[in-house]
2 protein chains.
Amino acid sequence: MIAMPAKRPPVPLSLERIVDAALHIADGQGLRRLTMRRLGDALQVEAMAIYHHLPRGKEALMDVLAEHVTAVQVAPDGLGTWQERARAWARASRTALLEHPGVLSLALTKPSKGAALIAVREQVEQLQEAGLEGAGEAVRALRAYVFGSVAVEVQRSGWADPDATVQNARTEDGERDFEHGLDALIRGLGG
Amino acid sequence: MIAMPAKRPPVPLSLERIVDAALHIADGQGLRRLTMRRLGDALQVEAMAIYHHLPRGKEALMDVLAEHVTAVQVAPDGLGTWQERARAWARASRTALLEHPGVLSLALTKPSKGAALIAVREQVEQLQEAGLEGAGEAVRALRAYVFGSVAVEVQRSGWADPDATVQNARTEDGERDFEHGLDALIRGLGG
DNA sequence: ACCTGAACACCGTTCAAGT
DNA sequence: ACCTGAACACCGTTCAAGT
């Protein structure tokens, strides 16, 4: 017999591996090209194998991806004024969303559930506990601003274009604009 | 011969009719079900006929839909402080976006072009002329907040769900939250 | 339990053809 | 100029079957 190239023992499929591969495809080629078949190829598996780990199929995958970029935890040890906490959370959320632009439209569109919902509630409690009254409204305003900022920043970077050529020079402007508006919003929420 | 039901003279296809039908489908059944073939059916035409009016196909249609909900004009006679103008523009934008929730993810994702870009520039000029310095940053912050607010409001209304059952009770809360954050942001942008 | 292969109903888009 | 019909390459998902 002739020695064949070692067929390494197939790493078993797992939700984590599926999600990683899906994010890689969506970020690299766009959400439109994230296909069950392509995802299967990337994982060295037939597309249908994915259904065993995500019985609700592509819809379930989308939910998981949205939650992945949307459920942000901020260190709970955070001593500090509500302003500092709000700022820390806003920055962490922006960073998480910008990390996977290919999946942003899901984050903006899918109703938050699970871990994402819990994170929001924690945020409200943190600000409340730091002395802000009307923390619920404040968190909703901050969330809206962060989501919208990232949407505008990503759309300006031309990401949504068929052939995505990201200009990294833009990210500085994006950050400056983000901080400017965040300052204004936090200041306004105070009075 | 037997009289046939009057086959009314076929109204010629037009970009306007295509866009109207597309919005109707997207709002009623979701963007995922907006299909060239379904769109053709709604217009009593073969899907391929649409390509004659939108040579770049579905991609072009998406661009047009995004622009449709995103290009907002506010009465230019608007005397008033920059605060009043900013508020008027923000409200008009929110209304326009909420009118077609099915297409919101396009508005948030597609880089603005054409009429939408012009509208943004006009906004900057209006606020500048009303005495606000740093009008560019202010407009970008306001845009981010408006987009994000609508995204959060629509996602909370459960619109993105497979079977969209919109709870109209929510719209009051949405408006209150929107006004609250808008007040804060405008206040903060002032000083 | 986990994965495959074949099959089904449906996509977007092309192209030659009709009027 | 405007629309149709057939065709192509590709979807998501099912289901029975393999191990």
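How many nonpolar, polar and charged residues does the surface near DNA strand D have? In this predicted model, that surface is made of seven nonpolar, four polar and five charged residues. The paragraphs that follow begin with this strand, pass to DNA strand C, and then turn to the protein itself.

Around DNA strand D there are 16 residues, and the closest of them are A:R37, A:R38, A:Y51, A:K58 and B:E46, a list that draws on chain A and chain B. Of the atoms of DNA strand D that come within 4 Å of the protein, 56% belong to sugar and phosphate. As for secondary structure, α2 (36-42) and α3 of chain A each supply at least two residues of the surface near this strand, and α2(A) provides the largest share, with three residues.

Individual atom pairs give a finer view of DNA strand D. A polar atom in the side chain of A:R37 is placed 2.3 Å from a base nitrogen of the strand, whereas the side chain of A:K58 brings an N or O atom to 2.9 Å from a phosphate oxygen. Chain B also takes part here, and does so through its backbone, since a backbone N or O atom of B:L13 lies 3.5 Å from a phosphate oxygen of DNA strand D.

DNA strand C can be read in the same order. It has 16 residues around it, of which A:E46, A:H53, B:R37, B:R38 and B:Y51 come nearest, and sugar and phosphate make up 56% of the strand's atoms that come within 4 Å of the protein. The surface near DNA strand C is divided into seven nonpolar, four polar and five charged residues. Here the elements that each supply at least two residues are α2 (36-42) and α3 (57-70) of chain B, and α2(B) gives the most, with three residues.

Which part of DNA strand C does a polar side-chain atom of B:R37 approach at 2.3 Å? The partner is a base nitrogen of that strand. Phosphate oxygens of DNA strand C are approached in two ways: by the side chain of B:Y51, in which an N or O atom is 2.6 Å from a phosphate oxygen, and by the backbone of B:M36, where an N or O atom lies 2.9 Å from a phosphate oxygen.

From the DNA, the reader can move to the interface between the two protein chains. Chain A places 34 residues in contact with 34 residues of chain B, and the two chains bury about 2,900 Å² between them, with 59% of that area on carbon and sulfur atoms. Four salt bridges are found across this interface; one of the salt bridges between the chains joins the side chains of A:R32 and B:E59, with an N to O distance of 3.6 Å. The count of residue pairs in polar contact between chain A and chain B, both residues being at pLDDT 80 or more, is 13. On the side of chain A that touches chain B, the elements giving two or more residues are α5 (104-109), α7 (135-156) and α8 (170-190) of chain A, and α7(A) gives the most, with 13 residues. By class, this side of chain A comprises 13 nonpolar, eleven polar and ten charged residues.

Within chain A there is a further interface to follow, this one between domains. The domain assignment gives domain 1 (15-65) and domain 2 (68-190) of chain A, and the centres of these domains, taken over C-alpha atoms, are separated by 26 Å. Eleven residues from domain 1 and twelve residues from domain 2 enter into their contact, and about 1,000 Å² is buried between the domains, 57% of it on carbon and sulfur atoms.

The polar side of this domain interface includes three salt bridges. A:D63 forms a salt bridge with A:K110, in which the closest N and O atoms are 3.2 Å apart. Between the two domains there are also eight residue pairs in polar contact, counted with both residues at pLDDT 80 or more. On the side of domain 1 that touches domain 2, α1 (15-29) and α3 (57-70) of chain A are the elements that give two or more residues, and α3(A) gives the most, with five. The residues on this side of domain 1 fall into seven nonpolar, one polar and three charged. Helix α3 of chain A therefore appears in two settings, namely on the surface near DNA strand D and on the side of domain 1 that touches domain 2.

Key. Residues numbered from 1 in each chain as written. Chains lettered and ligands numbered in written order. Predicted model: local features only at pLDDT ≥ 70, side-chain atom pairs only at ≥ 80, totals over all residues. Heavy atoms only, no water. Domains from an automatic or database assignment. Contact = heavy atoms within 4.5 Å. Buried area = accessible area lost by both parts, 1.4 Å probe. Polar contact = N/O pair within 3.5 Å; in protein donor to acceptor, adjacent residues only side chain to side chain. Helix = DSSP H or I, 4+ residues; strand = E, 2+ residues; numbered from the N terminus. Nonpolar A, V, L, I, M, F, W, Y, C, P; charged D, E, K, R; others polar. Near = heavy atom within 4 Å.
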